[in-house]
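Biologist: I am new to this structure and would like to learn how to read it, one feature at a time. Could we begin by looking at it together?

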Amino acid sequence: MKNAMRAGRRNAVGALVVVALLGGAVGCSGSDGAAKETRKNTKAESAQSGQSAANVITAAYKKTAAAKSARVEMSMSMPESADGGGAIKVTGMQGWDPTVMDFTMDGSMLAKAGSDGPSKVRMIWRDNIMYMDMGAEAAKELPDGKRWMKMDLGAMAEQSGDAQAMKAMTSGLDDMNQNPAQQLALLLESPNLKHLGAATVDGVKTEHYKGHLTVDEMMKSNSALDVLEPKDRKQLLDNIEKTGIKGYDTEVWVNQDNFPARMDVTMKTPKGDMKVMSKYSDYGAAIQVKTPPAGETVDFMDLMKELGQNAGGAGASS
């Protein structure tokens with residue numbers, strides 16, 4: 001019986017890890033492109049406005065960064081032939097500067113996380129700590145029936161004793177909550193940014209822009225990778241290229257208020273395209289993000305320690 005309970009907990013934690021990775025995947029790598037707002041894009045002309053595409057996106061970047069919050073409806077799909085393939089939908093509010101969010105995720109990817117995993121997950125981010133509601137069923141296998149999992153990524157990295165890992169994880173915290181301003185800054189890195197014309201998004205008039213970045217260009221724009229040694233960066237690039245990924249296409253639809261109404265990111269792989277489509281509204285709305293009480297949370301690292309200790313003596317129980 002004890003072994004069964006331990007196995008149940010391990011399954012629940014396994015599902016949690018998948019959910020955590022999905023949460024990270026929702027935000028692609030960030031960029032510090034604010035200091036690089038004008039690059040090679042100044043010749044890409046917008047026939048509609050007479051402005052360069054770079055100028056339009058730069059203006060949208062500045063206004064979006066100043067808004068500091070928005071309502072988000074995001075969907076991500078991966079080829080079924082790929083490991084973990086399927087779809088996931090994310091809805092909720094997010095804020096940046098400081099980073100906060102209150103999201104709900106559901107979709108076929110969560111179902112694949114395991115039978116003990118939740119079909120829908122609420123994820124809260126505040127003060128660089130992530131909380132995930134694992135649901136009533138998973139809570140039955142967690143200590144004291146607590147359904148909220150707490151993940152302090154900075155503390156986890158520090159506890160690892162790896163200074164480089166700590167720096168990488170800390171610098172990458174904001175990347176976990178990728179915001180539209182960062183996406184616009186990243187788009188400005190594209191050497192072939194262009195205006196595709198007028199379009200309507202959910203009844204709103206917009207202008208459509210698109211740019212492409214190679215894997216190498218994407219890595220150079222990702223400040224979270226600055227901690228890597230040159231040889232480690234090259235190894236990472238080589239590993240990505242071995243998967244057959246060539247680059248990333250980013251599209252944005254800018255409304256008449258200079259805010260992105262929709263943003264799409266497509267990554268082509270040999271097994272098919274991975275796509276992330278995000279729609280934004282209610283820019284600048286106030287966000288009240290309340291974290292769960294301490295008495296209702298279980299710390300991820302404490303749980304992993306407990307599971308490790310139980311696993312060590314599992315053979316003695318039946």
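Biologist: How many strands form the open sheet, and in what order do they stand?

Modeller: Please keep in mind throughout that this is a predicted model. As a general idea, strands of a sheet pair through backbone hydrogen bonds, either parallel or antiparallel. Here 12 strands form an open sheet, and reading across it gives the order β7-β8-β9-β10-β11-β1-β2-β3-β4-β5-β6-β12, with mixed pairing. The strands at the edges are β7 (194-201) and β12 (297-299), and because each has a single partner strand, one side of each is left without a neighbour in the sheet. From one strand to the next, the twist averages 20°.

Biologist: Which strands pair with β1, and in what sense do they run?

Modeller: Strand β1 (residues 69-78) is joined to strand β2 (residues 86-95) by 10 bridges, and the two run antiparallel. β1 also pairs with β11 in the antiparallel sense, over 7 bridges. You can follow individual residues across these pairings: Val-72 has Gly-92 as its bridge partner in β2, while Met-74 stands opposite Ser-278 in β11. Arg-71 can be followed both ways, since its bridge partner in β2 is Met-93 and it stands opposite Ser-281 in β11.

Biologist: With which side chain does Arg-71 meet in a salt bridge?

Modeller: The general idea is that side chains of opposite charge can pair when their charged atoms come close. In this model the side chain of Arg-71 meets that of Asp-282 in a salt bridge, at 3.2 Å from N to O. This pair links distant parts of the chain, for Asp-282 lies in the loop between β11 and β12 whereas Arg-71 lies in strand β1, and the two are 211 residues apart. A search of the whole structure finds 8 salt bridges.

Biologist: How many bridges join β8 to β9, and how many lie between β7 and β8?

Modeller: β8 is joined to β9 by 9 bridges, with the strands running antiparallel, and the pairing of β7 and β8, also in the antiparallel sense, extends over 7 bridges. As examples to locate on the model, Gly-197 stands opposite His-208 in β8, and His-212 has Asp-249 as its bridge partner in β9. Going on along the sheet, β10 and β11 pair in the antiparallel sense over 8 bridges, one example being Lys-268, whose bridge partner in β11 is Asp-273. β10 and β11 form a hairpin with 2 residues between them.

Biologist: Which backbone angles deserve a second look, and where are they?

Modeller: Most residues other than glycine have a negative phi, and most peptide bonds are trans. Against that background, Asp-202 takes a positive phi near 50° in the hairpin of β7 and β8, which has 2 residues between the strands. Asn-258, in the loop between β9 and β10, has a phi near 70°, a positive value in a residue other than glycine. The peptide bond joining Asp-97 and Pro-98 is cis, with omega about 5°, and Pro-98 is found in the loop between β2 and β3 (100-106).

Biologist: At roughly what angle do the axes of α2 and α7 cross, and how should I read that crossing?

Modeller: Two packed helices are described by the angle between their axes and the distance between the axes. The axes of helix α2 (residues 53-67) and helix α7 (residues 180-187) come within 8 Å and cross at roughly 160°. That angle makes α2 roughly antiparallel to α7, and their crossing is left-handed.

Biologist: Which residues meet there, and what else does α7 touch?

Modeller: From α2, Ile-57, Ala-60, Tyr-61, Thr-64 and Ala-65 meet Pro-180, Ala-181, Leu-184, Ala-185 and Leu-187 of α7. The residues of this contact divide into 9 nonpolar, 1 polar and no charged. As for the sheet, α7 packs on it, touching β2, β8 (204-214), β9 (247-255), β10 (260-269) and β11 (272-281), and the direction of α7 makes about 60° with that of β10.

Note on methods:
Residues are numbered from 1 along each chain as its sequence is written. This is a predicted model: local features need pLDDT of at least 70, side-chain atom pairs count only at pLDDT 80 or more; totals for chains, interfaces and linings use all residues. Side-chain values use heavy atoms; hydrogens and water are left out. Axes are lines fitted to C-alpha atoms, for helices over the stretch in contact, and angles run from 0 to 180 degrees between N-to-C directions. Helices (H or I, at least four residues) and strands (E, at least two) are DSSP runs, numbered from the N terminus. Angles under 35 degrees count as roughly parallel, over 145 as roughly antiparallel, 65 to 115 as roughly perpendicular and the rest as oblique. A crossing is left-handed if the near helix is turned anticlockwise from the far one by less than a right angle, and right-handed if clockwise. Contact means heavy atoms within 4.5 Å. Ala, Val, Leu, Ile, Met, Phe, Trp, Tyr, Cys and Pro count as nonpolar, Asp, Glu, Lys and Arg as charged, and the others, Gly among them, as polar. Two strands pair if DSSP finds at least two bridges between them. A salt bridge is a side-chain nitrogen of Lys or Arg within 4 Å of a carboxyl oxygen of Asp or Glu.
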